[in-house]
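Me: Got a model here I'd like to talk through. Can you take a look with me?
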Amino acid sequence: MRSKLNYLISVSLKRKIKTKWFMAANIILFIVILAALNIDSIITFFGGDFNDTMKIYVVDKADSFDIFSNQMQANSFNLTNDEEFGYELINYKEDKTAEDLIKEEKKKALVIVLEKKANVLEATITSQNFIDTLDYQVISNALTNTKVSLAILDSKISMEEINKIYEPINIARVILDENEKSEDEATSMIMSTVFPVIILPFFMLTLFLVQMIGAEVNDEKTTRGMEIIISNVSPKTHFFAKVIAGNLFVLIQGMLLVCFVVVGFLVRNIIGGASITNGVIDEFGGVINTVLASGLGSKLIYVVPLTLVLMLLTFLAYSLLAGILASMTTNTEDFQQLQTPIIIISLIGYYLSIMAGVFDGALFIKFFAFVPLISAILAPSLLIIGQIGVIEVSIAIIIMIVVNTLLIKYGLKIYKVGILNYSSKGLWKKMFKALKD
Amino acid sequence: MLKVENVTKYYGDFLAVDNLSFTVKEGEIFGLLGVNGAGKTTTFRMIMGLLDASSGSVTWNDKKIDYDVTDKIGFLTEERSLLTKLTVKEQCLFYGTLKGMQDDVIIKRLETLLEKFNISEYKDKKIKELSKGNQQKIQFITAIINEPKLLILDEPFSGLDPINVELFKNEIIEMAQKGSMIIFSSHRMEHVELFCEKLVVLLKGKTVLEGKIADIKKQYRKKNIFIKANIELEKLKQVDGVLSVSNVGDEIEVKIANEEVAPKVFEVVAKASDISKFVIEEPSLNEIFIAKVGENYEK
């Protein structure tokens, strides 16, 4: 004979997964993730002139084309972080001819007239339409630097010296505290921004979890099916079945999300995602490279398992809480009202983890790293940016274990009374009485 | 045998059931009657183990009812306890499995019962798509799918037409004949009268009437005489011991205080013309119920 607990778990899971709405939701999620990871290719596919190299006709009356060309290369790299030079510089002698060309080339071309007035470089930029802000900034910086270079040249400093002047300064970083590595500084800054984005799916899964358990308990309660179920299985079995099924569901959904992301990246590779914008992959790859180069990779060996343990414990706490609250409410609307504050608790952790990088060492934020439901997000964030250590995260884990134990012990008492209570009159009195029994 | 012994249930300070006792033997159909809020559902919930009694005990074959024996119990709640998003088959598989049944056994039994209740075509329909009456049939089927040894039916006939009441009644009687103990509540006294052997009438948690129906009727001394004759009602009213006289269709109904009054009435009727009927009948359970509950309602 099959176990009633296993049966209830499988029924709950089937009810959620073997529906066309689960399929529909995941198809939509898959399309959205696929599209987000390949957004540049999609934009390119529908056409536009963003992929074209901008032609710049330089009417050089100041004999400064070479210097300007060098400055354009340097500024283009500095500002766009793109090794590919997106401009085609053409040295023109007649501005009128160039302007005619612009009309043919339309907005991806412009003319810059360089001339010296009172020994100072001046420039006129002519284009058919507005220029992209970034392009304008690159050109503007290059022109300013060219002007300075010309002035330096006039002061008889060699070209080699000028290049050295324009090279970025070498900074030797020294941190006196031996516990803090200098490379952590950069990665901390990166991870304090990246980590909250990585854990964004955690919220989505928490929402799914709370909604699933609440809806199921309410459905069985409002239809009075609960009386038949509880007359055949104990409230304890029923409660655990809901909690286990809910957690299995979020794990399945979580794995599906990971699969969608992997497929999204694979598709990006296949269709040649390294297009002109070179966005997500390169930036993500850049972060990974920076992380590995900085030695944070070794840190992730314990950060990832600790984060996963905290998240699983938090999912468990959320599911227990959702089950208890759903048993107390007498209809779906009441539960939906309760659902919002539960989710907001998690959102506090999310915002605090973003703010942790700004308010370095804030005791207030550190305190919340131990608070149940918030710790799953905040504690790993603080660990990564070095504001707390493994011991503090371990304490947060122990607190979560204690909270879950208490939720099971006392929550079950409330659940047993709540699931067969159909009246909101004297609700809290009934629940406190249940706790005392 | 099911034994309910001195069971009392308080909700806070509110007394829901007061010192209730009764027994139900194998093959017996037992009626638990009462007006709304009398304590019937609370009693059923205590039998099912959904509620703990404040005092007293409920035992089945001298053992407390727990999850070891619930597989042998069938329970039909007063309100619909069906998960309306499921199909009839899914619903029966769900409740059947919770009763420890195997899928193939459930399906076989379901098909038999659906055929018996003339609703085989609804097997794969969602419950919310069914009419109220058909939902009640499905609810009844889920309660008896495990061929329970103890069947508890809280208002089983609600929402049913007379033809379906007959179907239910036959099934209940058949189950009792096979040895099942059946406890049910109903507001419809004619149903209780049809197949109950014993009953308890509750009023505000207290027992106001109990025992075998035949004994209850015997103890209730009042009788009814139905007459078809050409006679003035006033003459009947003047007979000592006559409580009321009224026209019921083309007949006259005379309520008398006890059986000894009947000959006196007959004497008066004998003098009338066109006499075609003079029948002494026992009062209906409904009459006894109203009289007993009304008598105690103000106390």
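**Chat about the model**

Me: How many residues of chain A are in contact with chain B, and how many on the other side?
Reply: 18 residues of chain A contact 19 residues of chain B. Bear in mind that this is a predicted model.

Me: Which helices of chain A supply at least two residues each to the side that touches chain B?
Reply: That would be α1 (4-17), α9 (200-222) and α10 (225-230) of chain A.

Me: And which one gives the most?
Reply: α10(A), with five residues.

Me: What's the mix by class on that side of chain A?
Reply: Eight nonpolar, five polar and five charged residues on the side of chain A that touches chain B.

Me: Switching to chain B. What does the domain assignment give?
Reply: Domain 1 covers 2-217 and domain 2 covers 221-282 of chain B. Their C-alpha centres are 41 Å apart.

Me: OK, now α4 of chain B. How many residues has it, and how far does it reach?
Reply: α4(B) runs over residues 132-144, so to speak 13 residues. From first C-alpha to last it reaches 19 Å, close to the expected 18 Å.

Me: Why is α4(B) described as largely enclosed by the rest of the structure?
Reply: Because 10 of its 13 residues are buried. Among them are Asn134(B), Lys137(B), Phe140(B) and Ile144(B).

Me: What covers the buried residues of α4(B)?
Reply: The cover includes strands β6 (73-76) and β7 (150-154) of chain B, along with helices α2 (88-98), α3 (103-116) and α5 (162-177) of chain B.

Notes: Residues numbered from 1 in each chain as written. Chains lettered and ligands numbered in written order. Predicted model: local features only at pLDDT ≥ 70, side-chain atom pairs only at ≥ 80, totals over all residues. Contact = placed C-beta atoms within 7 Å. Helix = DSSP H or I, 4+ residues; strand = E, 2+ residues; numbered from the N terminus. Nonpolar A, V, L, I, M, F, W, Y, C, P; charged D, E, K, R; others polar. Domains from an automatic or database assignment. Expected span 1.5 Å × (residues − 1). Buried ≥ 20, exposed ≤ 12 C-beta atoms within 10 Å, placed from the backbone.
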